[in-house]
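The following paragraphs lead the reader through a structural model, beginning with its confidence and proceeding to its interface and core.

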Amino acid sequence: MKSGLSASITPSSIQMKRKKQWSKLIPYLFVAPWIIGFVVFTLGPLLFSFVISFFDWPIVGEKKFIGFSNYTTMFTNDPMFWHSLWVTVKFALFFVPLNIILALLLAILLNQKVKGSSLFRTFFYVPSVISGVALAMIWGSVFDGEYGILNYLLSLIGIEGPNWLNSTSWALVAMVIASLWGQGTLMLIFLAGLKNIPQDLYEAAEIDGAGKIFQFFKITVPLLSPTILFNLIMTIIGAFQQLTLALVLTGGGPLQSTYFYAMYVYENAFKYFKMGYSSANAWIMFLIVLALTLLVFKSSSTWVYYENEVKNDK
Amino acid sequence: MKGKKRLQKSFVYGLLIALSLLFLLPFFWMVMTSLKGPEELAQYPPKLFPSEWHFENFAKAWNSQPFNVFLVNSLIVTALTTIGQIISSTLVAYGFARFKFKGRDVLFIILLATMMIPWDVTMIPQYMEFNLFGWINTLKALIIPSWFGSAFYIFLLRQFIMSIPKELDEAARIDGANVFQIYYKIYLPLVWPVIVLIAVFNILGSWNDYLGPLIFLNDQSKYTLTLGLAQFKGVHDVNTNGIMAVTFLISIVPLVLFFLAQKKIVEGVQTTGLK
């Protein structure tokens, strides 16, 4: 009887223990797909890319460890590196502020309690849902120097438009314009930010006799600054990764005037098959984007205003 | 005072209408160009409307390349990546939102950090890796990675699940349901709105993707629509009406989806910006 009792207790307690161990594993089962995917498709490639950036690594043929050579070649002996970086910086210098200003302007207009604002919102957002290839195709036809609609409309108001995509000085401007067309996401984020600003602030300002411009700089901009920061970072990252438009619209030309850094990385890898060198290129881009992001973040303490900060001061 | 208000209102309207016209102009030009005859493409000054409407341009352009094959490939990739993302991302998000386990917070920070890594850094080693797996020049290279969850979707889902009161699963547990049943029977129906949002985002992203197909696919028989269109331009650089016709046709899916799910998309984009 006694032995029977102990026999019946022991297995069930083992079962309990097993059940407990099993239940400890359950959460990992749920997140396992992401962990596996992260290791196989992100971390592994990332480490591999870092390692081969120190190699001469043609896609077929002998691989050779060459230390920092890829990095030193890039900086000292490859004019295309500096050229493509300069093209990208020029593009970003125009595109980033214009994109922010345009998206903010559209969001403010949409926020003016006008009838049909959701229809206008649709018009401003719809270019953002089509493919980058489609966008490039459409603008290719709009920008056509002779038969494009843009130069035709410009001619109606007495301006002779340039031969956009075949001009070394205008092709990059054309890229900026085409990219601005896809600002919809930023606009929606700004719009959400604007809706979060308490209306009574404006009413109070109105009573005090403050003008619209004063209200914009003293209420809208400070209260929207966290959103501006977010959008600024997104736009900078986007500007440095610009590739589709260059590949489809201009192929980097004419005379490499739209040869973006991302295109330089892409061609080194998939046109010249210098996998080690292009990995080094890609890491430099990663570092540049990271540095810019940190810089913007660091500077943000001087111009970004967080509501709870003020609450703490009180 | 009232006159000033009215003036302001009409100024806003004027600006909105002018900007709308500018934003719609490229679409207008795409449709009009796609309907023009060959002689009108090279006519100066260009005509806004075609004198004859060449609706046959669409079929002619579509059939001049194996666009039907590209369409099938795009449909396969879009459908399978979307199903994969929904299944994997909901599982992972549920795990992060509803369990306490060692390393959870560190893992979640890593997950968020992966959203910052530019694809340019991983595309080169990924290409070599997929080459090793034998996935290059197959649709697998585009599909399989999406069965392991995407950081952005997981993040959206987790935020939503965290807002659901925990009492629900306690009640179900007392009734004898296990965690998988709770996930399947209670949470999946509740997170349905976010699943729809993810599906919309993923269909748009996958359908519109160009760089993935460009890097991983070589044979024309494997091309997706965006890749087919880009290649079509390379072959027929002068045939602008054909290019615009195909551009219009492949944009129908995202445009229709946008008009059907507009409210969802707008809300979805806005929540990402506010987090």
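Chain A has a mean pLDDT (the predictor's confidence in each residue, from 0 to 100) of 87, and 91% of its residues reach 70 or more. Over residues 1–8 of chain A the pLDDT falls below 50, and this stretch makes 0 contacts beyond near neighbours in sequence; two residues are in contact if their C-beta atoms, placed from the backbone, lie within 7 Å. Residues 310–314 of chain A are likewise below 50, with 0 such contacts. Where pLDDT is low, predicted coordinates should not be read in detail.

This is a predicted model, in which local features need pLDDT of at least 70 and side-chain atom pairs count only at pLDDT 80 or more, while totals for chains, interfaces and linings use all residues. Residues are numbered from 1 along each chain as its sequence is written, and chains are lettered from A and ligands numbered from 1 in the order in which they are written.

At the interface, 65 residues of chain A are in contact with 69 residues of chain B. Helix 1 (residues 2–52) of chain A supplies the largest share of the chain A side, 17 residues; helices are DSSP runs (H or I, at least four residues), numbered from the N terminus.

The largest nonpolar core comprises 147 residues. Such a core is a set of buried Ala, Val, Leu, Ile, Met, Phe, Trp, Tyr and Cys residues joined through C-beta atoms within 7 Å, where buried denotes 20 or more other C-beta atoms within 10 Å of a residue's own, with C-beta atoms placed from the backbone. Helix 3 (residues 79–110) of chain A gives the most to this core, with 12 residues. Ile154(B) is among the residues with the most contacts inside the core; leaving aside neighbours within four places in sequence, its contacts include Trp34(A) and Phe96(B).

Notes: Helix = DSSP H or I, 4+ residues; strand = E, 2+ residues; numbered from the N terminus. Buried ≥ 20, exposed ≤ 12 C-beta atoms within 10 Å, placed from the backbone.
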